[in-house]
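Here is a friendly walk through one protein chain, written for someone who likes to think in contacts and angles. Please have a look at the sequence and the model first.

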Amino acid sequence: WQLMSWDGGPVICSEGWSIAVDCSVDNDATADITLVCAGAQPERNMPPTLPDHIRKLWRRGQIVGSLGSGTFVLARSGILAGHRFTLHWAHQPSFKAQWPNLEPSAEIYCIDRRIFTCAGGVASADMTLQLVHDRCGLKVSHGAMHACVITSRRSEAVEQMATIASRVQSRNKSLVKAVAWIEERFLDEDCLKGVALAAGTSPRQLQR
């Protein structure tokens, strides 16, 4: 592994920590995989020429990807069209506002040909373990899991958000429909009437 910053200097993360790096980005270097890592404000300190660098690596036939909101860089590089990809759920509304023609997945990570993306956080470990499994086999990937005290590897089909039924601890269909409506449209006028219609029940029953 090599940790790089654009100019070779330490990086100040969104929590204020200073992160030392190994070197600056080498435009002529090759790597098995190049991942862009970004934080809470993905475009705040984005080097203007970084998207061009990622696009050049991808056109050379190399594997590129992102952790969390690093997907913004991939979008700016113009390589996401026709690919499955994801990023953290909290950044998806602003992402869609900028690129309405690109639809991110709700999955924890996506591996689509030479573009690897994940939601960040623990999903970074899931995606990495999948890559280890694909390249090194079951025995090595299990060894990596045990070293990291991870008991199971989640597949990319797992969604980032738990289902409503599991969050409210109920399988009542009316309640699940009501919560889904509220999460999408809680700012609507006359919310109670709208959610009751969506749930297929009366406002009184819904309040109970």
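What follows goes from the whole chain to its sheet, then to a helix and a few single residues.

**The chain as a whole**

Please keep in mind that this is a predicted model. The chain holds nine helices and eight strands. Its C-alpha trace spans about 65 × 40 × 35 Å along the principal axes. Of the 208 residues in the chain, 35% are buried. If you count contacts with a separation of 6 or more, 48% of them join residues 24 or more positions apart.

The surface and the charges can be put just as briefly. About 13000 Å² of the chain is exposed, and carbon and sulfur atoms supply 54% of that area. There are 22 positive and 20 negative side chains, and the centres of these two sets lie 7 Å apart.

**The four-stranded sheet**

Let us turn to the sheet. Four strands form an open sheet in the order 5-6-8-7, and their pairing is mixed. Which strands stand at the edges? They are strand 5 (33-38) and strand 7 (109-112); each has a single partner strand, so one side of each is left without a neighbour in the sheet. From one strand to the next, the twist averages 10 degrees.

Helix 1 (residues 50-59) packs on this sheet, where it touches strand 5, strand 6 (63-68) and strand 8. The direction of helix 1 makes about 155 degrees with that of strand 5.

Strand 8 (residues 115-118) is a good place to see the mixed pairing in detail. With strand 7, strand 8 pairs in the antiparallel sense over four bridges. With strand 6, strand 8 pairs in the parallel sense, again over four bridges. On the strand 7 side, D112 has I115 as its bridge partner, and I111 stands opposite F116. L67, in turn, stands opposite C118 in strand 8.

Strands 7 and 8 also form a hairpin, with two residues between them. One residue in that turn, R113, has a positive phi of about 55 degrees.

How do the side chains of strand 8 point? In general, side chains in a regular strand alternate between the two faces of the sheet. Here I115 and T117 point one way, while F116 and C118 point the other way. All of these residues are buried.

**Helix 8 and its cover**

Now for a helix towards the end of the numbering. The buried residues in helix 8 (residues 191-199) are G194, V195, A196 and A199. Their cover includes helix 7 (173-185) and helix 9 (203-207). After helix 8 comes G200, which has a positive phi near 75 degrees.

**Three buried residues**

The table below sets three buried residues side by side, with contacts that leave out neighbours up to four places away in sequence.

| Residue | Location | Relative accessible area | Contacts |
|---|---|---|---|
| S5 | strand 1 (residues 4-5) | 6% | V11, V21, C23, S24, V25 |
| H91 | loop between helix 2 (71-77) and helix 3 (92-98) | 14% | G39, A40, P42, S69, F72 |
| D126 | helix 4 (residues 122-136) | 3% | I108, Y109, R153, R154 |

Why does each of them count as buried? The cut-off for that word is under 20% relative accessible area. S5 has 6%, so it counts as buried. H91 has 14% and therefore falls under the cut-off as well. D126, with 3% relative accessibility, is buried because it too is under that limit.

The contacts add some detail to these values. D126 sits in helix 4 and touches R153 and R154, as well as I108 and Y109. H91 lies in a loop, yet G39, A40, P42, S69 and F72 are in contact with it. S5 belongs to strand 1, and its contacts include V11 and V21.

One distance involving H91 rounds this off. H91 and H142 are 51 residues apart along the chain, and their C-alpha atoms are separated by 32 Å.

Technical notes: Residues numbered from 1 in each chain as written. Predicted model: local features only at pLDDT ≥ 70, side-chain atom pairs only at ≥ 80, totals over all residues. Heavy atoms only, no water. Buried < 20%, exposed > 50% of the residue type's maximum accessible area, 1.4 Å probe, protein only. Contact = heavy atoms within 4.5 Å. Pairing = 2+ DSSP bridges. Axes fitted to C-alpha atoms, helices over the stretch in contact; angles between N-to-C directions. Areas by Shrake-Rupley, 256 points an atom, 1.4 Å probe, with all protein chains shown as cover. Lys, Arg positive; Asp, Glu negative; His and termini not counted. Charge placed at Lys NZ, Arg CZ, Asp CG, Glu CD.
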